[in-house]
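Let's take a walk through a protein together. Have the 3D view ready so you can turn it as you read.

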Amino acid sequence: QLSFFRLTIKRLFSTSHSSVDPKEIKKFQLLAHKWWDEEGEYSALHSMNDIRVPFIRDTLLNMSSNYHLGNPLSGVKILDVGCGGGLLSEPLGRLGASVTGIDPLEDNIRTADRHKSFDPVLAKRIQYKSSSLEEMVEECMETFDVIVASEVVEHVADLEMFIKCCFQVLKPGGSLFITTINKTQLSYVLGIVVAEKIIGIVPEGTHEWEKFVPPEELERLLESNGFSVKTVNGMLYNPLSGSWSWMESTSINYAMHAVKSGAQGQSNPTGAVSEMESEQPPATAGTTM
């Protein structure tokens, strides 16, 4: 029965129908060598670490009974989907997590590999693979405690399939963290017109407004595919200071935390409490579901 289930899953997620969008690959190929230029095209993603890393860390610690001083995420297996050059994989590795970063673009993986090799600690904790999420499903059923998909879902070809794949590779009770852009008039003006065309903090053509995802839609897709949404926080980027902050409104950018259902009575290596004991968001965060 299990082999039949695996075969069904394999067919369902076969790479003939992939969430990877070839147009998006071409777009990012040109910038693959620029990931670690903190003043360059990815500067806003560098500074996003100031809020997205504590959000992930604090949420996981609030669910956990085990604290490792200095390595708070020790023993936690994280999959960083669409890891790019490793901008988020590295700080998570520094917190003690065991990180697998995947990206369909080989040039991104080469850049990420080269950068982590400068730090022997990170070299041991992080592994990168040029892979799609669908390919991971075939070899990593229920393997990861945490999936991070930061600034990724607005680039995928099939969002529901992407979420189904996340469900498959997460352990029961595992956490999914997503940051993305809402689909509002304000996000069009600020995310595309201002960011890309006027001040150029994002390369022109990076985003297509049609692919932006409203939090209500993302929440509906998550809830109907086996997740329980715990937190939705609005995020604001200030281009003058180059810094991010939390805010009540989700009208532009937002972060979401969801937990794979069916975790009662089980705990993951972080010693996670059951999902009934919903975690509190960071003190600086906006609204809790």
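Before we start, one term: a residue is called exposed when its relative accessible area is over 50%, buried when it is under 20%, and partly exposed in between. Keep in mind, too, that you're looking at a predicted model.

Let's get the overall picture. The protein chain contains 10 helices and 9 strands. It has 289 residues, and 55% of them are buried. Now take the contacts between residues at least 6 apart in sequence: 74% of these join residues at least 24 apart. As for the outside, the chain exposes about 12,800 Å², with carbon and sulfur atoms supplying 55% of that.

Now zoom in on helix α2, which covers residues 22-29. Which of its residues are buried? They're Glu 24, Lys 27 and Phe 28. Look down the axis of α2 and you'll find these buried residues within an arc of 90 degrees, so they line one face of the helix. Part of what covers them is another helix, α5 (106-116). Turn to the other side of α2 and you'll meet Pro 22 and Lys 26, which are exposed. There's also a nice detail at the N-terminal end of α2, where Asp 21 acts as a cap. One of the side-chain oxygens of Asp 21 sits 3.0 Å from the backbone nitrogen of Lys 23.

Next stop: a loop. Thr 143 is found between α7 (133-139) and β4 (144-150). Is Thr 143 buried or exposed? Its relative accessibility is 18%, and the cut-off for buried is under 20%, so Thr 143 counts as buried. What does Thr 143 touch, if we skip residues up to four places away in sequence? The answer is Lys 77, Val 169 and Lys 171. Closer along the chain, the side chain of Thr 143 also reaches the backbone oxygen of Cys 140, at 3.0 Å.

Let's finish on the surface. Leu 186, Tyr 188, Val 189 and Leu 190 make up a nonpolar patch there, and together they have about 320 Å² of accessible area. Pick out Leu 186, which belongs to helix α9 (residues 185-198). With a relative accessibility of 40%, Leu 186 falls between the two cut-offs, so it counts as partly exposed. Compare that with Thr 143, which counts as buried at 18%, and with Lys 26 on α2, which is exposed.

Notes
Residues are numbered from 1 along each chain as its sequence is written. This is a predicted model: local features need pLDDT of at least 70, side-chain atom pairs count only at pLDDT 80 or more; totals for chains, interfaces and linings use all residues. Side-chain values use heavy atoms; hydrogens and water are left out. Helices (H or I, at least four residues) and strands (E, at least two) are DSSP runs, numbered from the N terminus. Buried means under 20% relative accessible area, exposed over 50%, partly exposed in between (1.4 Å probe, protein chains only). A polar contact is a pair of N or O atoms within 3.5 Å; within protein, one must be able to donate a hydrogen and the other to accept it, and residues adjacent in sequence count only if both atoms are side-chain atoms. Contact means heavy atoms within 4.5 Å. The arc is that of the directions from the helix axis to the C-beta atoms. Patches are made of residues with over 30% relative accessible area and no salt bridge: like charges are joined within 9 Å, nonpolar side chains (Val, Leu, Ile, Met, Phe, Trp, Tyr) within 5 Å. Accessible areas come from the Shrake-Rupley method with a 1.4 Å probe; for residues, only the protein chains shown count as cover. A salt bridge is a side-chain nitrogen of Lys or Arg within 4 Å of a carboxyl oxygen of Asp or Glu.
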